[in-house]
Amino acid sequence: MKTNKLLVLLFCCLVLIFCACSDGKNAADSALAQSDLRLTGDVQNELYLSGYGEYEVAQIEKDGQKLTVIPMTALLEAAVVNGKGDISVFSAAPDGVMAEIPYEQMNICYLNFSADKGWECVAPN
């Protein structure tokens, strides 16, 4: 009986050790999976981003840090922009925060995801 309790205790300790040895990457992946971003506005197809998915990614430098990003132009191709002239595209986060991105600035904008900030619209240095 005492041996069984000792084995259960040993098993629980091993589980805790394995959980504590996590590299943190899973936490970022988990945050990414829970952070859908909706791209809407003057577009035919609303887009929902829960990760980089099949979109073209690039590497840019921002404030001395290399970032993996999705060019906004790639997203606009997938969304199919409606109209000409004064076009508005909006990004909407799950918490209700929305941002308007002027169409004429889309060619210098990128989307980046980080576990601490979520989705963020960035431009290179």
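In the predicted model, strands β1 (residues 37–41) and β5 (residues 88–92) are paired in the antiparallel sense, with four bridges between them. Within this pair, Thr 40 has Phe 90 of β5 as its bridge partner, and Gly 41 is placed opposite Val 89 in β5.

Strand β1 is also joined to β2, and here the two strands run antiparallel and are connected by three bridges. The bridge partner of Arg 38 in this pairing is Tyr 48 of β2, and the connection from β1 to β2 is a hairpin that passes through five residues.

These pairings belong to an open sheet of four strands, arranged in the order β2-β1-β5-β6 with antiparallel pairing. The edges of the sheet are formed by β2 (47–49) and β6 (98–102), each of which pairs on one side only, and the twist from one strand to the next averages 25°. In general terms, the strands of a sheet pair through backbone hydrogen bonds, in either a parallel or an antiparallel manner; in the sheet described here, the pairing is antiparallel.

The sheet is accompanied by helix α3, comprising residues 72–79, which lies across β1, β2, β5 and β6. With respect to the edge strand β2, helix α3 runs at an angle of about 135°.

Terms used:
Residues numbered from 1 in each chain as written. Predicted model: local features only at pLDDT ≥ 70, side-chain atom pairs only at ≥ 80, totals over all residues. Heavy atoms only, no water. Pairing = 2+ DSSP bridges. Axes fitted to C-alpha atoms, helices over the stretch in contact; angles between N-to-C directions. Contact = heavy atoms within 4.5 Å.
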